[in-house]
Amino acid sequence: MVEKVRKIWMDGKLVDWEAAQVHVLTHTLHYGMGVFEGIRCYRTEDGQSAVFRLKEHVDRLFDSAHIVQMTLPSTREDVASAVLETLRANDMREGYIRPLAFIGEGAMGLYATDNPVHLTIVAWPWGTYLGEEGLRNGIRAKISSFTRHHVNVAMTKAKVCGYYVNSIMAKREAMAEGYDEAIMLDADGFVAEASGENLFMVRDGGLFTPPLTSVLPGITRHAIMRIARDKGIPLEERRFSRDELYTADEAFLTGTAAEVTPIREVDRRRVGEGTRGPVTHLLQDAFFNIVKGKDAKYEEWLTRF
Ligand SMILES: *Cc1c(COP(=O)(O)O)cnc(C)c1O
């Protein structure tokens, strides 16, 4: 359950938790046309805090809105400062931040271009998404019977509310069968990503991740690619099939919520040694050092507050 916080940012001002309500005729509630972000802030070594890649998250929120032709009621600068304002108002030093833009009341037809667009920002404490044990030893994943959106069914570069019905179906199916996470194939049958995370595999010391064709351009994905390059780990964006994943030396997921989570098993087949592999461990450690402000080289990724 989301832990109750004091203040929620709604359309330009901070309101009490109880006051952050919407009407049942909220257009997005019916049809899913809305865009959102997931951002994390971490406690840093100096006892302060930092938001990880705030600018990139705000930019992606605006890109998502642009893709689905929603005009957001704020500027990028205002959204970025509202994120910090929300964290401060709740005295939150570490946690998850959820900006959400949605279409409000008015017309109820699909062509409701004059309804107001609302923007809210909620921040709440959120620990590891796939568990501490998952971060340490890896999770068990299932190739989903649900296909990741075809690029001409849903524009996969946007984080659009309605798209997540597909992800939720996949996640529920995987959980019901005793797995931790679902891996979705693209419409051609190649590995795409997990229900809310990008995916990497390691083979012969090199790192592979599917190209952006039908996956969300993850900011954590981008960070891991940059870290890998900086560490001299060969990296290639290319398609691969589920059997390549079964026989990979290592595999892991990346996402703001899931951070860097190793995959120890796919479809009851052990991946590599069946635990967190050395390359995954190296990248995971580098990632956590960076977000916690311990690596000056990546200071540009942090908005300290
Ligand atoms: C948000 C999301 C990710 C991860 O993106 P990050 O920017 O790393 O948080 C990956 N896949 C999907 C489908 C997502 O919604």
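In helix α2, the residues that end up buried are L54, H57, V58, D59, R60, L61, F62, S64 and A65. This helix runs through residues 54-67, 14 residues in all, and its first and last C-alpha atoms are 20 Å apart, close to the 20 Å expected at 1.5 Å a residue. After α2 comes Q69, with a positive phi near 60 degrees. As a general point, most residues other than glycine have a negative phi. Everything described here comes from a predicted model.

Helix α6 can be looked at in the same way. It covers residues 219-230, and its twelve residues should span 16 Å at 1.5 Å a residue; the end C-alpha atoms turn out to be 17 Å apart, which agrees. On the buried list for α6 are I219, T220, R221, A223, I224, M225, I227 and A228. The helix is followed by G232, and here too phi is positive, near 75 degrees. Some background helps when reading lists of this kind: an α-helix has 3.6 residues a turn, so residues three or four places apart point the same way.

Next come the aromatic rings. A search of the whole structure turns up ten aromatic pairs. One of them joins F52 and W301, which count as edge-to-face because their planes stand at 90 degrees, with 5.8 Å between the ring centres. What makes this pair handy for finding one's way around is that it links distant parts of the chain: F52 belongs to strand β5 (residues 49-52), while W301 sits in the loop between α8 (278-291) and β17 (302-304), 249 residues apart. F52 and W301 are both buried. Another edge-to-face pair is made by F287 and F288, with 5.4 Å from centre to centre and 75 degrees between the planes. Both F287 and F288 are buried as well. These four residues, together with Y298, make up one aromatic cluster: F52, F287, F288, Y298 and W301.

Rings also meet charges. The charged end of R140 sits over the ring of Y179, 4.9 Å from the ring centre. Similarly, R269 lies over the face of Y246, and there the distance to the ring centre is 4.2 Å.

Then there is the ligand, which has 15 residues around it; K159, Y164, E193, T220 and T256 come nearest. T220 has already turned up among the buried residues of α6. For three of these neighbours, a polar side-chain atom can be paired with an oxygen atom of the ligand. In K159, an N or O atom of the side chain is 2.7 Å from a ligand oxygen. For Y164, the distance between a polar side-chain atom and an oxygen atom of the ligand is 2.3 Å. With T256, a side-chain N or O atom lies 2.6 Å from an oxygen atom of the ligand. On its own the ligand has 380 Å² of accessible area, and the protein covers 97% of it.

C161 is found in the loop between β8 (139-143) and α5 (164-176). With a relative accessible area of 22%, C161 is partly exposed, so it does not count as buried; the cut-off for buried is under 20%. C161 and I183 are 22 residues apart along the chain, and their C-alpha atoms are separated by 19 Å.

A few single residues round off the picture. E181 lies in strand β9 (residues 181-185), and its relative accessible area of 0% makes it buried. The side chain of E181 has a polar contact, at 2.7 Å, with the side chain of S195. Two other acidic residues share a positive phi: D204 has a value near 50 degrees, and E259 has one near 55 degrees. Their surroundings are another matter. D204 sits in the loop between β11 (198-203) and β12 (206-209), and it counts as exposed because its relative accessibility is 75%. E259, by contrast, lies in strand β15 (residues 259-266) and is buried, with a relative accessible area of 5%.

Note on methods. Residues numbered from 1 in each chain as written. Predicted model: local features only at pLDDT ≥ 70, side-chain atom pairs only at ≥ 80, totals over all residues. Heavy atoms only, no water. Helix = DSSP H or I, 4+ residues; strand = E, 2+ residues; numbered from the N terminus. Expected span 1.5 Å × (residues − 1). Buried < 20%, exposed > 50% of the residue type's maximum accessible area, 1.4 Å probe, protein only. Phe/Tyr/Trp six-rings, centres within 6.5 Å; stacked < 30°, edge-to-face > 60°. Lys NZ or Arg CZ within 6 Å of the ring centre and 35° of its normal. Near = heavy atom within 4 Å. Polar contact = N/O pair within 3.5 Å; in protein donor to acceptor, adjacent residues only side chain to side chain. Areas by Shrake-Rupley, 256 points an atom, 1.4 Å probe, with all protein chains shown as cover.
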